[in-house]
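Visitor: I have a new model open and would like to learn how to read it. Could you walk me through it?

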Amino acid sequence: MFSSLIAFVTGGASGLGRASALNLLKNGARVVIADLPHQEELAKSLAQDFGEKVLFQPVDVTSEEMVNASLDECVNKFDGVPSVVVNCAGRADAQKTVGRKGFLFVSWETSFISL
Ligand SMILES: NC(=O)c1ccc[n+]([C@@H]2O[C@H](COP(=O)([O-])OP(=O)(O)OC[C@H]3O[C@@H](n4cnc5c(N)ncnc54)[C@H](O)[C@@H]3O)[C@@H](O)[C@H]2O)c1
């Protein structure tokens, strides 16, 4: 379905990003997994199943230089620029949102301060 598509998935080694990458790969896309260097092993497990369609790039998305370098690598490997970007890089502390009596009130300010 997506055989001509190149996707760039930040945070693609884990969680929502990984699920997005997997879905794109299953549908034929070529996918750059842009994630922190220590996530390489996780990303490699996708490469085992999808081989040359996966390119892992060790990237901290807060570094413009690293993101640009990974886009250059994408062009080198896939001979094209990504037409899809899925941005899932990030982190957040887990927080209880539902209790025995239903949803708990969590204000944006409370969440923000707890970070
Ligand atoms: N999972 C949820 O239900 C949910 C709900 C709302 C929002 N979110 C947000 O979505 C994002 C992803 O959530 P997730 O559950 O997939 O988390 P996750 O921890 O499973 O995956 C996040 C990925 O981002 C990578 N990452 C973190 N900082 C990075 C950086 N600076 N550069 C490159 N990669 C980086 C991590 O290495 C990891 O692989 C988070 O910001 C989270 O707060 C998640």
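Visitor: Let me start with the ligand. Which element gives the most to the shell around the ligand?

Guide: Happy to help, and do keep in mind that this is a predicted model. The contribution of α1 is the greatest, at three residues. In total, 19 residues surround the ligand, and the closest are Gly11, Ser14, Gly15, Gly90 and Ala92.

Visitor: How many residues of each class does the shell around the ligand have?

Guide: There are eight nonpolar and eight polar residues, along with three charged ones.

Visitor: And how should I read the core? Which residues touch the most other members of the largest nonpolar core?

Guide: The general idea is that in soluble globular proteins nonpolar side chains tend to be buried together. Here the largest nonpolar core holds 22 residues, and Ala7, Val9, Val31, Val32 and Ile33 touch the most other members. Two or more core residues come from each of β1 (6-10), α1 (15-26), β2 (30-35), α2 (40-50) and β3 (54-58).

Visitor: Taking Val32 as an example, which residues is it in contact with, leaving aside neighbours within four places in sequence?

Guide: Val32 then contacts Phe8, Val9, Leu55, Gln57, Ser70, Cys74 and Pro82.

Visitor: Now the strands. Why is β3 largely enclosed by the rest of the structure?

Guide: Because four of its five residues are buried, β3 is largely enclosed.

Visitor: How many bridges join β2 to β3, and do they run parallel or antiparallel?

Guide: Five bridges join these strands, and β2 and β3 run parallel. Within the pair, Ile33 stands opposite Phe56 in β3. The chain goes from β2 through α2 to β3, making a right-handed β-α-β crossover.

Notes:
Residues numbered from 1 in each chain as written. Predicted model: local features only at pLDDT ≥ 70, side-chain atom pairs only at ≥ 80, totals over all residues. Core = buried A, V, L, I, M, F, W, Y, C linked by C-beta atoms within 7 Å. Buried ≥ 20, exposed ≤ 12 C-beta atoms within 10 Å, placed from the backbone. Contact = placed C-beta atoms within 7 Å. Near = placed C-beta within 6 Å. Nonpolar A, V, L, I, M, F, W, Y, C, P; charged D, E, K, R; others polar. Pairing = 2+ DSSP bridges. Right-handed = clockwise from strand over helix to strand, strands pointing away.
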